Amino acid sequence: MNKSAISPTRQEDFPGWYQEVIKAADLAEMAHVRGCMVIKPWGYGIWERIRDLLDKEIKARGHENAYFPLFIPLSYIQKEADHVEGFAKEMAVVTHHRLEQRDGHLVPGGELEEPIVVRPTSEAIIGASMSQWIQSYRDLPLLLNQWANVVRWEMRPRVFLRTSEFLWQEGHTAHSTQQEAMDETIEMFGVYESFAQEVLCVPVVAGEKPPSERFPGADRSFSIEAMMQDGKALQAGTSHFLGQNFAKSADIKFLDHTGELCYAYTTSWGVSTRLIGALVMTHGDDDGLCVPPRVAPHQVVISPITRGEPVDADVLAYARKCSQGLFGSTYCSEPLRVKVDDRLIKSVDKKWQWLKRGVPVLVEIGPRDLEAGTVTFRKRTSFYQADTMKLDDFIVQVPNLLGEVQDELLDRARSNLESNILTDEIDLSAARAYLDQGNGFLLAKWCGDTACEVAFKEQAATIRCLPRDRKAKGTVCVVCSKPATTDAIFAQSY
RNA sequence: CGGGCUGUAGCGCAGCUUGGUAGCGCGCCACGUUCGGGACGUGGAGGCCCCGGGUUCAAAUCCCGGCAGCCCGACCA
């Protein structure tokens, strides 16, 4: 009888399962514009939680939010050579500014003298402002962040993972010294790492990107790499040390305390709606999504079991009493988010809906509970096992229940990550065979030569990052057997 | 951007070969019997058959061109 709610299952067809969960959990649907998605309330609610919590972390470190234009003059983009090369192939370009009737059709008219690109990222246009705002070392550091949409015309869109338009946060800072900019890069890198783990329950491998995977125009890039349940890596957040590259191209200069004119050092860092894709592929099961309580739009849903009988009114009142009892309680220093789902549909349908959406705790209240002064509830992590508790006890216990779900999700994900990182010292053919199966990460030594990365191309595997906290066994490069200079995580990736 | 597959009711699909009144299941609405693990019966609503051209007396069906989606590559903070 315990037929799973999602078909196909993860085992049968992981990409098919992913798309089905997106749909069944009411997160999003593809719009009829290439690669664009409509984010539905449950999905957007998760994004709002991510935004609100991360925004606090960003502001707590002295950054201020601002907003810069969606449109960037082509000439701004052109200033940084690597940046242009990195983004040129995926740019939406605006060339006209009106529509004209011609042969009964609307066609673009009024060609622009200079084409405008829709921002794929905002280094170029924010740099232009920075250059005007910064004159003295007293103007530094300049610590900005913006929440915005960006557009990248990717070849192969995938909902939440790689959409033509997506929502993100992009931090942009300018500093007077290299060290301070580097510290900033590492600081925000750390914020992402702990946010992923503590808030999203997504454990990650944190490390520096190899040169081939750097952000276009960056001197150094750092990323957090999460492992999806199919063993593939998902880059979940990046932080870049841009050196003086953008300062030179955007003319961001200041007079230091000795009166010398210097270029600033800049950084940028961001996370996007891709994090929702990470949540799905980290915590989803064959019954749908499991939303970590800290980012769940509703942490507790109370479903009154009504059957069109006189007792319904009392059941509903009892459900509201339960909801009100939770009012004023907190979890992680925030008021509980509780919803009474009093829609006039069958309670069993509500149960399946909330299972698929992944609400952390679902409470069902019926005439029996009313009579006994109890509630019946299920945690999403053990949904098929309902518990019954006195109402007063339940009200006290809810924060603990949420904590349990949060912990269970993290533990489960962490054990998946750790048990699927191959750390054996193996030779190239064994490494290839392992990566070809695509069931996890390989932690191995690397000589630092890009040519050795190419050896894994056939297996579609790349170096995801040079892990900060993990040491591979051995002393020689897994590919060429020359002395290794670093540890590296090899994996297939999204 | 190359190769393959697909586009018909909210969702999943049949019909297309061989052109001739638009179908099925789920869902939705109404009523009745049910009801704490996806109930059942009866009746009903709902379609520019992706878009634009062409062939034809006649196109969901044949031809051409687009657009969008999925899978595989290449590409990709």
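**Terms and values in a predicted model**

Modeller: Pro8 sits in the segment before H1. The peptide bond that leads from Ser7 to Pro8 is cis, with omega near 5°. Elements such as H1 are DSSP runs, numbered from the N terminus: helices (H or I) have at least four residues and strands (E) at least two. This is a predicted model, in which local features need pLDDT of at least 70 and side-chain atom pairs count only at pLDDT 80 or more, while totals for chains, interfaces and linings use all residues. Residues are numbered from 1 along each chain as its sequence is written, chains are lettered from A and ligands numbered from 1 in the order in which they are written, and side-chain values use heavy atoms, with hydrogens and water left out.

Colleague: Which peptide bond leading to Pro141 is cis?

Modeller: The bond from Leu140 to Pro141, where omega is near -5°. Pro141 belongs to the loop between helix H5 (123-133) and strand E7 (142-151). Most peptide bonds are trans, and most residues other than glycine have a negative phi.

Colleague: What makes the phi of Phe160 worth a remark?

Modeller: Its value is near 70°, which is positive, and Phe160 is not a glycine. Phe160 lies in the loop between E7 and E8. Ser481, also not a glycine, has a positive phi of about 65°; Ser481 is in the loop between strand E24 (461-467) and E25.

Colleague: Why does Phe160 count as buried or exposed?

Modeller: Buried means under 20% relative accessible area, exposed over 50%, and partly exposed in between (1.4 Å probe, protein chains only). Phe160 has 2%, so it counts as buried. Ser481 has 52%, so it is exposed.

Colleague: How do you know that Arg10 and Asp286 form a salt bridge?

Modeller: A salt bridge needs a side-chain nitrogen of Lys or Arg within 4 Å of a carboxyl oxygen of Asp or Glu. For Arg10 and Asp286 the N to O distance is 3.0 Å, which means that the rule is met. Arg10 is in the segment before H1 and Asp286 in the loop between helix H8 (274-283) and strand E15 (300-304), 276 residues apart. By this rule the count comes to 31 salt bridges.

Colleague: What joins Asp26 to Lys40?

Modeller: A salt bridge between their side chains, 2.8 Å from N to O. Asp26 lies in the loop between H1 and strand E1 (28-30) and Lys40 in the loop between strand E2 (37-39) and helix H2 (41-60), so the pair ties together parts 14 residues apart in sequence. Asp26 has 23% relative accessibility and is therefore partly exposed; Lys40, with 25%, is also partly exposed. Asp26, Glu29, Lys40 and Arg357 are linked in a network of salt bridges.

Colleague: How many residues surround RNA strand B?

Modeller: There are 42, and the closest are Arg152, Arg156, Gly366, Arg368 and Tyr384. A residue is near the strand if one of its heavy atoms lies within 4 Å of it. Sugar and phosphate account for 37% of the atoms of RNA strand B that come within 4 Å of the protein.

Colleague: Which atom of RNA strand B does the side chain of Arg162 approach?

Modeller: A base oxygen, 2.7 Å from an N or O atom of the Arg162 side chain. For Lys346, a polar side-chain atom lies 3.2 Å from a phosphate oxygen of RNA strand B.

Methods: Polar contact = N/O pair within 3.5 Å; in protein donor to acceptor, adjacent residues only side chain to side chain.
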